[in-house]
Amino acid sequence: MEARGFFFPRQRQVLFLFLFGGVSLAGPGFGHYSVTEETERGSVLVNLAKDLGLGEGELAARGTRVVSDDNKQHLLLDSHTGDLLTNEKLDREKLCGPVEPCMLYFQILLDNPFQIYQAELRVRDINDHSPVFRDKEMVLKILENTAEGTAFRLERAQDSDGGHNGIQNYTINPNSFFHIKICDSDEGMIYPELVLNKALDREEQQELSLTLTALDGGSPPRSGTATIRIVVLDINDNPPQFAQALYETRTPENSPVGSLIVKVSAGDIDLGVNAEVSYSFFDASEDIQTTFQINHFSGEIVLRALVDYELVKSYKINIQAIDGGGLSARCTVLVEVLDTNDNAPELMVSSLSNYIAENSPEAVLAVFRIKDRDSGENGKMVCYIEDNLPFLLKHSVDNFYILMSEGALDRETRAEYNITITVTDLGTPRLKTEHSITVQVSDVNDNAPAFTQSSYTLFVRENNSPALHIGSVSATDRDSGTNAQVTYSLLPTHDPHLALASLVSINADSGHLFALRSLDYEALRAFEFRVGAADRGSPALSSDALVRVVLVDDNDNAPFVLYPLQNGSAPCTELLPRQAEAGSLVTKVVAVDGDSGQNAWLSYQLLKATEPGLFGVWAHNGEVRTARLLSERDAARHRLLVLVKDNGEPPLSATVTLHVLLVDGFSQPYLPLPEAAPERAQADSLTVYLVIALASVTSLFLFSVLLLVAVRLCRRRRAASEGRCSVPGDRFPGHPVDVSGTGTLSQSYQYEVCLMGGSGTSEFKFLKPIMPNIQVPGPGRNSEENPTTPNSFGFNYQ
């Protein structure tokens with residue numbers, strides 16, 4: 001077993017390997033290897049890595065493989081060591097028959113980049129077959145008057161070995177009548193001839209028996225023997241004569257068994273038995289005898305078996321004609337087998353990948369070779385695929401083709417392709433072979449998740465339970481597998497006052513949104529944030545959508561009374577002159593509700609009164625007015641219980657207690673009807689105006705009290721001597737105190753204060769005003785939805 005290169009005469013020898021527009025060049029000594037037949041399986045022929053000049057492990061990295069021309073795996077490549085091994089015992093006689101040298105052609109295919117190297121393996125013969133004669137006994141009938149030196153051709157022995165191990169010599173046992181002469185045929189083989197040394201005498205010896213030995217050129221040589229039986233005949237002086245020494249004929253390879261190939265004819269001018277001619281094959285191989293049959297009497301040669309142009313293209317048949325006297329003649333028949341288109345093209349895949357990543361430009365899917373065993377036009381082939389596919393075929397070297405993508409593919413447009421490769425020959429009729437390849441386009445993360453909506457609005461009723469499912473967002477990804485698995489998350493908010501992490505959470509897998517705590521409409525009516533959706537590809541792609549959460553008000557706030565203030569201190573008493581007319585304004589209950597909408601619509605109702613029927617409450621604005629004229633019989637002090645109720649479901653309410661004091665001795669107050677005092681518009685919020693009004697009323701009240709006290713101190717002496725209350729027209733007239741209508745009452749009142757002298761004390765004392773510290777709740781509306789809310793002040797009496 002050896003691996004070596006063949007040496008050629010000095011000339012330019014270049015092997016071009018065209019692939020993707022590139023050229024690979026192999027030197028004249030590359031790719032020529034040899035091995036002795038019958039070498040054990042797994043024997044190392046050569047280290048391909050060294051022979052190709054590749055580094056360790058590069059063969060495996062480049063997916064190197066070996067493809068034989070006959071599509072059989074005679075050789076095996078160990079891609080880790082780089083050794084080229086025999087995959088079986090090679091029998092030269094089975095592989096090549098008599099052809100010498102016996103060559104096996106194969107290709108070495110490498111990827112990244114794709115390259116093809118042509119190589120050949122010569123199978124060297126060993127002397128493992130002995131020469132064999134087809135007939136163990138050959139009979140020669142020789143006339144006794146045959147001249148000395150006449151040569152008789154003998155059938156040659158068959159040896160399956162070739163070259164030097166084939167038959168090299170013939171010998172016979174020593175005798176006085178014959179010797180062997182070695183002759184060369186036009187087929188490059190030797191055959192023996194038996195040469196007569198001296199004349200035969202039938203009367204002395206009728207038969208001779210000789211042993212013919214065939215020797216091959218092996219070391220040691222092998223031999224085979226046959227017996228030659230020579231029968232000495234009486235004189236038959238005219239041998240048969242063929243009409244032609246050479247017959248040439250043609251037959252199509254699809255001719256049926258029994259078809260006539262040719263008819264040979266020989267004549268003999270002798271008479272009787274010596275003129276009777278019989279025909280037979282002479283020195284015919286086993287292949288000829290199994291393929292053809294000759295009629296011994298007519299000389300017709302017919303087919304005994306089908307002929308195949310791809311196996312044998314022509315036959316040379318030797319025909320012998322023997323007359324009854326034993327004389328013979330020979331002719332040759334040349335049968336040319338005509339090719340018919342009886343073999344469909346063959347497609348052999350050398351490399352195949354059923355998966356291609358989308359967006360990959362010009363990826364190699366398959367490398368294959370086509371072959372047609374016919375010849376001429378029948379052996380010419382056309383290879384193609386469908387036109388409507390994004391793939392193309394590129395011709396490489398010899399009959400190798402490369403199937404590759406024409407451009408980048410989009411899995412979302414089409415995820416699978418069925419490619420049919422069609423190979424058609426140019427014979428008549430045309431034969432074709434189809435090979436289908438299914439290609440799956442593997443996904444690349446090239447699509448970001450897309451939300452079903454660019455923004456979502458979720459309505460949540462306040463006072464919800466924690467962990468309440470308030471809504472969902474949904475995003476889809478056109479990719480597949482992990483590239484399509486979407487994960488949701490809350491994106492950071494740019495509002496520093498919004499603690500989003502304490503308000504809502506999102507399920508990363510489903511996109512469900514949950515409220516983490518109970519929400520309060522009065523504290524936060526709406527908020528918005530962005531939700532992100534990211535896939536699990538590498539790198540991950542993402543998108544976001546806006547989510548707006550709007551709180552729906554719940555009736556969870558009872559009305560809050562701003563005036564009169566119910567703070568547990570001394571009750572606030574409203575003064576009412578007994579001269580007040582029916583419908584006079586006593587005071588106004590001011591209340592707000594922290595809710596909104598109809599939950600903040602307030603209504604007022606008088607629940608309880610000291611004297612029913614004397615006072616009434618307007619349901620929509622909370623004004624307390626007299627229902628009739630006052631009389632002397634009416635009590636001086638009255639207690640009113642007013643209910644303030646919202647319009648929610650269920651409604652909530654609050655109660656307020658009013659104290660009304662009926663007073664006498666004041667000059668007739670000016671009590672205009674409520675319609676006479678138009679309500680002033682209030683531009684700002686209720687709370688700000690309420691504080692300003694209370695401050696103004698308090699300041700004016702303090703100023704008035706100080707003024708009255710000063711006047712009283714100045715006139716105290718004179719008042720003490722008189723000891724009575726001055727009336728209008730006296731020297732101590734009453735001084736009216738004007739309290740403008742900036743308080744709760746929309747009208748202005750004037751009071752005459754009468755001071756009693758003499759005792760040093762007065763029966764009527766002005767105490768310090770009650771200034772309620774009003775805590776304004778969250779924003780709300782009064783019953784009239786009017787931002788103008790009047791304020792009030794009151795007096796305490798002893």
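This note goes through selected side-chain contacts, burial values and long-range contacts in a predicted model.

1. On the cysteines, the structure contains one disulfide, formed by Cys96 and Cys102, whose sulfur atoms lie 1.8 Å apart. The torsion about the S-S bond is 65°, and the link of Cys96 and Cys102 is right-handed. Both partners, Cys96 and Cys102, are buried.

2. Two further cysteines deserve a brief mention with regard to their accessibility. Cys331 has a relative accessible area of 3% and is therefore buried, while Cys383, with a relative accessible area of 14%, is likewise classed as buried, because the term applies to values under 20%.

3. A search of the whole structure for aromatic pairs returns eight of them. One of these is the pair of Phe368 and Tyr401, which is stacked because the ring centres are 5.9 Å apart and the planes meet at 15°, an angle that falls under the 30 degrees set for stacking. This pair joins distant parts of the chain, since Phe368 belongs to strand β28 (residues 364-371) and Tyr401 to strand β31 (residues 400-405), with the two positions 33 residues apart in the numbering. Both Phe368 and Tyr401 are buried.

4. The pair of Phe451 and Tyr488 has another geometry, namely a tilted one, with 6.4 Å from centre to centre and 55° between the planes. Phe451 is placed in strand β34 (residues 450-451) and Tyr488 in strand β38 (residues 486-490), so this contact ties together parts of the chain that are 37 residues apart in sequence. As for burial, Phe451 has a relative accessibility of 14% and so counts as buried, and Tyr488, at a relative accessible area of 6%, is buried too. Phe451 and Tyr488 also belong, together with Tyr456, to one aromatic cluster.

5. Charged groups over aromatic rings should be considered alongside the ring pairs. The charged end of Lys198 sits over the ring of Phe177, at 4.6 Å from the ring centre. In a further case, Lys313 lies over the face of Tyr309, and here the distance to the ring centre is 5.0 Å.

6. At the surface, Leu700, Phe703 and Leu707 make a nonpolar patch of about 300 Å². Of these residues, Leu707 can be placed in helix α6, which covers residues 686-714. The relative accessible area of Leu707 is 47%, so this residue is partly exposed, given that exposed would require a value over 50%.

7. Two C-alpha separations connect positions that are far from one another in the numbering. Val132, which lies in the loop between β9 (115-124) and β10 (137-143), is 91 residues away from Ser223 in sequence, yet their C-alpha atoms are 8.0 Å apart in space. With a relative accessible area of 44%, Val132 is partly exposed. Ser603, which is found in strand β47 (residues 602-609), is 50 residues from Ser653 along the chain, and the C-alpha atoms of Ser603 and Ser653 are separated by 9.4 Å. Ser603 has a relative accessibility of 27% and therefore counts as partly exposed.

Note on methods
Residues are numbered from 1 along each chain as its sequence is written. This is a predicted model: local features need pLDDT of at least 70, side-chain atom pairs count only at pLDDT 80 or more; totals for chains, interfaces and linings use all residues. Side-chain values use heavy atoms; hydrogens and water are left out. A disulfide is a pair of cysteine sulfur atoms within 2.5 Å. Buried means under 20% relative accessible area, exposed over 50%, partly exposed in between (1.4 Å probe, protein chains only). Patches are made of residues with over 30% relative accessible area and no salt bridge: like charges are joined within 9 Å, nonpolar side chains (Val, Leu, Ile, Met, Phe, Trp, Tyr) within 5 Å. Accessible areas come from the Shrake-Rupley method with a 1.4 Å probe; for residues, only the protein chains shown count as cover. A salt bridge is a side-chain nitrogen of Lys or Arg within 4 Å of a carboxyl oxygen of Asp or Glu. Helices (H or I, at least four residues) and strands (E, at least two) are DSSP runs, numbered from the N terminus. Rings of Phe, Tyr and Trp (its six-membered ring) pair if their centres lie within 6.5 Å; planes under 30 degrees apart count as stacked, over 60 as edge-to-face and the rest as tilted. A charge sits over a ring if NZ of Lys or CZ of Arg is within 6 Å of the ring centre and within 35 degrees of the ring normal.
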